[in-house]
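I set out to record what could be looked up in this structure, entry by entry. The entries begin with one helix and its surroundings and then move outward.

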Amino acid sequence: MTPRTHAAWAQAGPGVSTRAARLPSAGRRRPQVAASATTDVSTENKAKPDWTGNDLLSRAVNAAIGFKPLFSVMKFGARQTLKGSAQKAGVPWTETVRDLEQSEVYQIKQEIEDQSLQYPDYYTQSFHGYDEGNLNWLAAFEVEPASEVMALRVWRKETLTPLQAQTRLRKAIFKEIRTFQEANNLREAHDIIDIGCSVGVSTRWLAAEWPRAQVTGLDLSPHFLAVAELRERQLGGGAGQRQRIHYLHANMESSGLPDASFDLIAAQYVVHECPAHAIEGLVRECRRLLRPGGTLALCDLNPRSKVIQGLPPVLFTLMKSTEPHSDEYYQFDIEGCMRDNGLQAVNTVECNPRHRVVLGCLPAAEA
């Protein structure tokens, strides 16, 4: 399940040019930020940004966000900031939305939606500036251009095209996954699941990287999944270059899939959008779904990133106004949670100036 527009608006992938398709050849855990002996991320930085948690600055920002008239202005401002950046970068935001509005996504939603699903309370609240969170069409239609903008922002001082930025972003993640697999003598990925797949951009990158694997994309938003499935049909199901992706409407904390079903489980830019209890539920479910010799990779914002810690007040206030669970995420001990749920060789690596990958596995010898 991807709560929101999958990036926290940080998603993107091959598969879709901004207009069409680009195909690249149970309880709450005590919040804490733990420094692990196996962590490659620099510990010279503070453990988290000052504008999160219970720090004075964080409380001041939260008080401002809690003032409803100001909050409404912030929500509008956050989305307008992204749209303005898209325009400057030549990302066709308006055109992408218009094309999707005129497509068959509405029929696809009826085909893919599991109407028996019950949505968690946190998933139905305002998110990313959308009153209905991820359960609406505008959020689904704006994921792709927002994702391209967010990738470009990782290297904002460089002159890159959206595809170049996305390629660098995704390849860096996959490099860390493959390095981890080799170091721990883990199995090659034949069955992969992209949890919180949003509109499928991250899923298509995974499928392109592991073209022989059967890849599943899981999300809780039927609107997002309808866009993902539309793009897969437009791409001809991989056009013989990879296996066709299958999309599943399900809750990431209780997928209903069989035990030990996957060799690689990835969740990209999902965890920071979840409250602590949902993060625990996600890790627990991933442990259940992972095969012996399999890998779990959680890619997301890096609390120790100098870039994130140094965001100017206007930007981090706008960010928090659309990300209601930021405080919980930045204080949550993901490595500890993974270890508590039986994952081994848990390690965190920095994959770019803003993001990290937290990796864990089940040894191949485990029965």
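**Entry 1: Helix α9**

I looked up what the buried residues of α9 pack against, and found β1 (191–195), β4 (262–268), β5 (290–301), α12 (326–331) and α13 (334–340). I note at the outset that the model is a predicted one.

I then listed the buried residues of α9 themselves: A276, A278, I279, E280, G281, L282, V283, E285, C286 and L289. Ten of the 14 residues of α9 are buried, so I describe this helix as largely enclosed by the rest of the structure.

I also checked the length of α9, which covers residues 276–289. At 1.5 Å a residue, its 14 residues should span 20 Å, and the end C-alpha atoms are 20 Å apart, which agrees.

**Entry 2: The chain as a whole**

I counted the elements next and found 13 helices and seven strands in the chain. Of its 367 residues, 60% count as buried. The chain exposes about 14600 Å², and carbon and sulfur atoms supply 50% of that area.

**Entry 3: Helices α5 and α6**

I recorded that two packed helices are described by the angle between their axes and the distance between the axes. For α5 and helix α6 (residues 162–183), the axes come within 8 Å and cross at roughly 70°. I therefore entered α5 as roughly perpendicular to α6.

Which residues of α5 and α6 meet? From α5 I noted S147, E148, A151, L152 and V154; from α6, P162, A165, Q166 and L169. By class, I have six nonpolar, two polar and one charged residues in the contact of α5 with α6.

**Entry 4: A139**

I located A139 in helix α5, which runs over residues 137–154. Is A139 buried or exposed? Its relative accessibility is 0%, so I entered A139 as buried. I also looked up its separation from G129: the two are ten residues apart in sequence and 8.9 Å apart in space, C-alpha to C-alpha.

**Entry 5: Positive phi outside glycine**

I noted that N185 has a positive phi of about 55° although it is not a glycine. N185 lies in the loop between α6 and β1. With a relative accessible area of 65%, N185 is exposed.

I made a further note on A345, a residue other than glycine whose phi is positive, near 55°. A345 belongs to strand β6 (residues 344–350). Its relative accessibility is 36%, so I entered A345 as partly exposed.

Technical notes
Residues numbered from 1 in each chain as written. Predicted model: local features only at pLDDT ≥ 70, side-chain atom pairs only at ≥ 80, totals over all residues. Heavy atoms only, no water. Helix = DSSP H or I, 4+ residues; strand = E, 2+ residues; numbered from the N terminus. Buried < 20%, exposed > 50% of the residue type's maximum accessible area, 1.4 Å probe, protein only. Areas by Shrake-Rupley, 256 points an atom, 1.4 Å probe, with all protein chains shown as cover. Axes fitted to C-alpha atoms, helices over the stretch in contact; angles between N-to-C directions. Parallel < 35°, antiparallel > 145°, perpendicular 65-115°, else oblique. Contact = heavy atoms within 4.5 Å. Nonpolar A, V, L, I, M, F, W, Y, C, P; charged D, E, K, R; others polar. Expected span 1.5 Å × (residues − 1).
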